[in-house]
Amino acid sequence: MNLMNVDYDGLIPNNVGLNADSRVKKALEKWHPGYINWWNDMGPDGFQGSLVYLRTAVSVDPKGWAKFDYVKMPDYKWGILLAPQVNERKIAFGAHKGENVWQEVPGEYRAMLRRLIVIQGDTEPASVEQQRFLGKTAPSLYDMRNLFQVNVEEGRHLWAMVYLLQKYFGSDGRDEAEALLERRSGDEDSPRMLGAFNEKTPDWLSFFMFTYFTDRDGKMQLEALAQSGFDPLSRTTRFMLTEEAHHMFVGETGVGRVIERTCAEMKKAGIEDPHDIAAVRKLGVIDLPTLQKKANLHFSLTLDLFGNEISTNAANAFHAGIKGRFREDKLEDDHQLENGSYPLLRFADGKIARQDVPALSALNMRLRDDFVDDCNGGVGRWNRIIEKYNIPFAIKLPSVAFHRHIGEFSSMEADADGNLVPGDQWDSVKEKYLPSESDRDFIEDLMKPELEPGKFASWISAPKVGIDNKPGDFEYVKISD
Ligand SMILES: [Fe+2]
Ligand SMILES: [Fe+2]
């Protein structure tokens, strides 16, 4: 069998030779009904019977792995797909640098690996739960389809992590796979594992910001795991990254189209001042200062996902060869970091200052810095849209010290420029930099569904090209109950 091709005959499409592995096959078939129940309970509300124009992976070939067709979401082919094995791949970093990669879990790293896989796995269904009600207020069928595409792929990412748990971690892997279906985003008794995945995604601007910032945290984590010396994890995450690219496309172009629409309507109405919020809102579009506030919120929540700046867990995972740095294989250093240092922003003696710390201890920080760089690319492209309309406004990412709940800055408050704010002044600062109750109400009022093919809600412009090169009035979702 050519491993690049996917076996679609059984219940679980895969390119891992599941038919020859009856133990894992049985375990996954046993897990399957619980997954479908979870999807029906917690997946997109109200659209499970609709036909959605979705892409499905039919190969892991870098070119042309996707096939587009109408599918009812519960019938989506959630498969287990690993990127092709790289011949004679060696561990690229840490204490085992230069050794052959592992095809089985090394006993001494078993607990660490399981934990990393479970944490990654937990984020996948969480975002589906967070986005569950958005279909009902979709600004177009095009956007609705993109939402559902992201949702089914996050479902597939859960399958990807569950496969690793079932195949390599025996009965405790099985228990973890069950628990992944039991936790719920935002639930008081059994929440998802990470903070940002328990927040609400109440409107489409939040969804676009979430896919721009929070899915990009996913990208960074997957990039770091793609470097892993545990080869099955590396191959799994490498293929997930190809899907993840679409999620960030949805976020970047989504926010970009909101900006485009706002600027175009401002020009048409002759409004020069982007801070004349009342006048802009009367046009049925989202004012740029509110967009900035939403970016502040989602950026800061996402930074918390990188964990403590100084972390022994991250150092251990790197030392073990389990989790590398962003593009480890492209970096030029000794890949062991036993001696180097890394500059870190710290909060000490009442001020924020740069400090050099041992490089091995600062790996979370380093990944977070790479994340911030990656975020800035799209922000620049958003600003070019605003410049095109000659509107004096620029979106800017807030300081990493702003609105933090984990790490160095969790014990203090700072404004978006990183200036310290005394505790009793935080409420008024918050109003200025984060969406207020009335901002949220305004956005919520705008969220009226637009279900006619080719039409878009007042607050967002049409995309430049359709999905799969479909024409502007293509019916991406055929809605039925
Ligand atoms: Fe994902
Ligand atoms: Fe994603």
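Axes here are lines fitted to C-alpha atoms, for helices over the stretch in contact, and angles run from 0 to 180 degrees between N-to-C directions. Helices (H or I, at least four residues) and strands (E, at least two) are DSSP runs, numbered from the N terminus. This is a predicted model, in which local features need pLDDT of at least 70 and side-chain atom pairs count only at pLDDT 80 or more, while totals for chains, interfaces and linings use all residues. Residues are numbered from 1 along each chain as its sequence is written, and chains are lettered from A and ligands numbered from 1 in the order in which they are written.

## Helix α1 against helix α3

Two packed helices are described by the angle between their axes and the distance between the axes. For α1 (residues 22-42) and α3 (residues 141-168), the axes come within 11 Å and cross at roughly 145 degrees. The crossing is right-handed (the near helix is turned clockwise from the far one by less than a right angle; anticlockwise would be left-handed). Two residues are in contact if their C-beta atoms, placed from the backbone, lie within 7 Å. On that criterion α1 contributes Val24, Ala27, Leu28, Trp31 and Trp39. From α3 come Gly155, Val162, Tyr163, Gln166 and Lys167. The contact residues divide into 7 nonpolar, 2 polar and 1 charged. Ala, Val, Leu, Ile, Met, Phe, Trp, Tyr, Cys and Pro count as nonpolar, Asp, Glu, Lys and Arg as charged, and the others, Gly among them, as polar.

## Overall build

The protein has 12 helices and 5 strands. Its radius of gyration, taken over C-alpha atoms, is 23 Å. The globule rule (2.2 Å times the number of residues to the power 0.38) also gives 23 Å for 481 residues, so the protein is as compact as a globular protein of that length. Along the principal axes, the C-alpha atoms fill a box of roughly 65 × 60 × 40 Å. A residue is buried if 20 or more other C-beta atoms lie within 10 Å of its own, exposed if 12 or fewer, and partly exposed in between; the C-beta atoms are placed from the backbone. Buried residues make up 46% of the 481. Take the contacts between residues at least 6 apart in sequence: 69% of them join residues at least 24 apart.

## The open sheet

Two strands pair if DSSP finds at least two bridges between them. Three strands form an open sheet in the order β2-β1-β5, with antiparallel pairing. The edge strands are β2 (66-72) and β5 (477-478), and each pairs on one side only. Helix α3 packs on this sheet, touching β1 and β5, and its direction makes about 45 degrees with that of β1. Between β1 (residues 51-57) and β2 there are 7 bridges. Val52 stands opposite Val71 in β2.

Pro44 sits in the loop between α1 and β1. Outside its neighbours within four places in sequence, Pro44 is in contact with Met73, Arg132, Gly135, Phe148 and Asn151. Pro44 and Lys136 are 92 residues apart in sequence but 9.0 Å apart in space, C-alpha to C-alpha.

## The β3-β4 hairpin and positive phi

Strands β3 (341-348) and β4 (351-358) run antiparallel and are joined by 8 bridges. Phe347 has Ile352 of β4 as its bridge partner. Of the 8 residues of β4, the number buried is 0, so β4 lies largely in the open. The hairpin has 2 residues between the strands.

Most residues other than glycine have a negative phi. Asp349, in the β3-β4 loop, takes a positive phi near 50 degrees. Arg327, in the loop between α9 (312-319) and β3, has a positive phi of about 55 degrees.

## Burial at selected sites

| Residue | Other C-beta atoms within 10 Å | Class |
|---|---|---|
| Pro44 | 22 | buried |
| Gly256 | 21 | buried |
| Arg327 | 12 | exposed |
| Asp349 | 6 | exposed |
| Lys430 | 16 | partly exposed |

Gly256 lies in helix α6 (residues 231-269). Leaving out residues up to four places away in sequence, Gly256 touches Arg381, Trp382 and Ile385. Gly256 and Asp424 are 168 residues apart in sequence and 36 Å apart in space, C-alpha to C-alpha.

Lys430 is found in helix α11 (residues 426-433). Lys430 and Tyr168 stand 46 Å apart, C-alpha to C-alpha, with their positions 262 residues apart in sequence numbering.
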